[in-house]
There are 2 protein chains.
Amino acid sequence: MPRSTRRRPALAHPAVEEIDLYDVLHALSDPTRMTIVRILRAEPERACGTFPVDVAPSTLSHHFKVLRESGVINQREEGNRRFSALRTVDLERRFPGLLDTVLAALARNEHGAELGAEPAWHG
Amino acid sequence: MPRSTRRRPALAHPAVEEIDLYDVLHALSDPTRMTIVRILRAEPERACGTFPVDVAPSTLSHHFKVLRESGVINQREEGNRRFSALRTVDLERRFPGLLDTVLAALARNEHGAELGAEPAWHG
DNA sequence: ACCCAGTTTCGTCGTTTGTCGAACATCGCA
DNA sequence: TGCGATGTTCGACAAACGACGAAACTGGGT
């Protein structure tokens with residue numbers, strides 16, 4: 001039977017020129033996915049199951065799919081596991097500075113609310 | 001009766017420190033809202049009804065609400081009209097470089113797909 | 001051959017989103 | 001006082017989203 005004959009369908013990744021800004025922004029507008037991205041920036045690659053996010057495996061798989069199809073991450077299969085990596089070069093080519101700026105904003109989003117605000121300001 | 005006695009409820013705007021990154025990214029992940037933001041960057045202020053977006057007034061009102069409550073725009077009432085303005089200073093204070101980077105990315109998102117791609121590349 | 005560990009796919013559920021039309025409110029003007 | 005212009009609020013609706021569990025698939029041991 002098509003046991004090892006049938007190849008698993010290749011993982012769909014958009015080409016660099018096809019990465020859509022709205023898809024990227026939507027992908028990044030979810031805390032779980034943003035956590036994945038933040039972790040992924042520190043390491044070149046990481047297996048799916050090793051992310052410290054508190055959701056069911058199927059949910060995690062869904063988030064990886066969103067990230068992959070939006071062009072934010074690249075997924076590579078190795079044996080049983082699936083490794084994910086940030087498409088930093090591609091993203092930088094398509095939308096220069098976007099990833100770094102968003103990740104810098106993320107850092108400010110977390111501990112920035114209480115600290116570091118000058119007196120008061122309207123604008 | 002409370003005709004001019006009752007004040008209209010003040011428009012809710014988040015304080016600078018309370019602007020949430022996820023709300024901002026979500027607000028910017030919609031084409032209609034992004035159009036509003038792009039137009040608003042060119043002019044200091046603009047009345048709601050004067051935006052060349054092809055949606056019903058109620059839909060437009062909804063989008064303005066999303067933009068306002070996420071902290072992207074400021075709305076000011078003047079007589080009958082409601083004027084909107086980008087909170088560029090606040091956004092720059094909260095998330096430095098974010099707005100400019102996203103708007104630059106938007107320009108590339110539109111005419112960038114066909115042009116300017118070197119041979120080919122995987123990453 | 002078997003089973004286990006790692007992941008995805010499928011179906012479902014409740015919530016949110018974007019859209020609209022209709023009704024309501026407010027202001028300025030005749 | 002009434003009318004028109006400008007916007008909002010209130011349902012309604014389909015589509016998409018995030019979450020889950022159950023089932024299925026894959027590859028590596030035993």
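The expected span of a helix is taken as 1.5 Å times one less than its number of residues. In this predicted model, helix 2 of chain B covers residues 31-42 and thus offers a case for that rule. Its twelve residues extend 17 Å from the first C-alpha to the last, close to the expected 16 Å. At the start of this helix, a side-chain oxygen of Asp30(B) comes to within 2.9 Å of the backbone nitrogen of Thr32(B). Thr32(B) is itself among the buried residues of the helix, which also include Arg33(B), Met34(B), Thr35(B), Ile36(B), Val37(B), Ile39(B) and Leu40(B).

The protein surface was next examined around DNA strand D. Of the 21 residues around this strand, those that come nearest are Arg33(A), Ala56(A), His63(A), Asn80(A) and Ser61(B). By class, the surface near the strand comprises eleven polar, five charged and five nonpolar residues. At least two residues each are supplied by helix 3 (57-69) of chain A and by helix 3 (57-70) and strand 3 (81-86) of chain B. The most is given by helix 3 of chain A, with four residues.

Contacts with DNA strand D involve both its backbone and its bases. Among the atoms of the strand within 4 Å of the protein, 61% belong to sugar or phosphate, and the rest belong to bases. A polar side-chain atom of His63(A) is placed 2.4 Å from a phosphate oxygen. Asn80(A), by contrast, has a polar side-chain atom 2.8 Å from a base oxygen. In chain B, an N or O atom in the side chain of Asn80(B) lies 2.9 Å from a base nitrogen of the strand.

Terms used
Residues numbered from 1 in each chain as written. Chains lettered and ligands numbered in written order. Predicted model: local features only at pLDDT ≥ 70, side-chain atom pairs only at ≥ 80, totals over all residues. Heavy atoms only, no water. Near = heavy atom within 4 Å. Polar contact = N/O pair within 3.5 Å; in protein donor to acceptor, adjacent residues only side chain to side chain. Nonpolar A, V, L, I, M, F, W, Y, C, P; charged D, E, K, R; others polar. Buried < 20%, exposed > 50% of the residue type's maximum accessible area, 1.4 Å probe, protein only.
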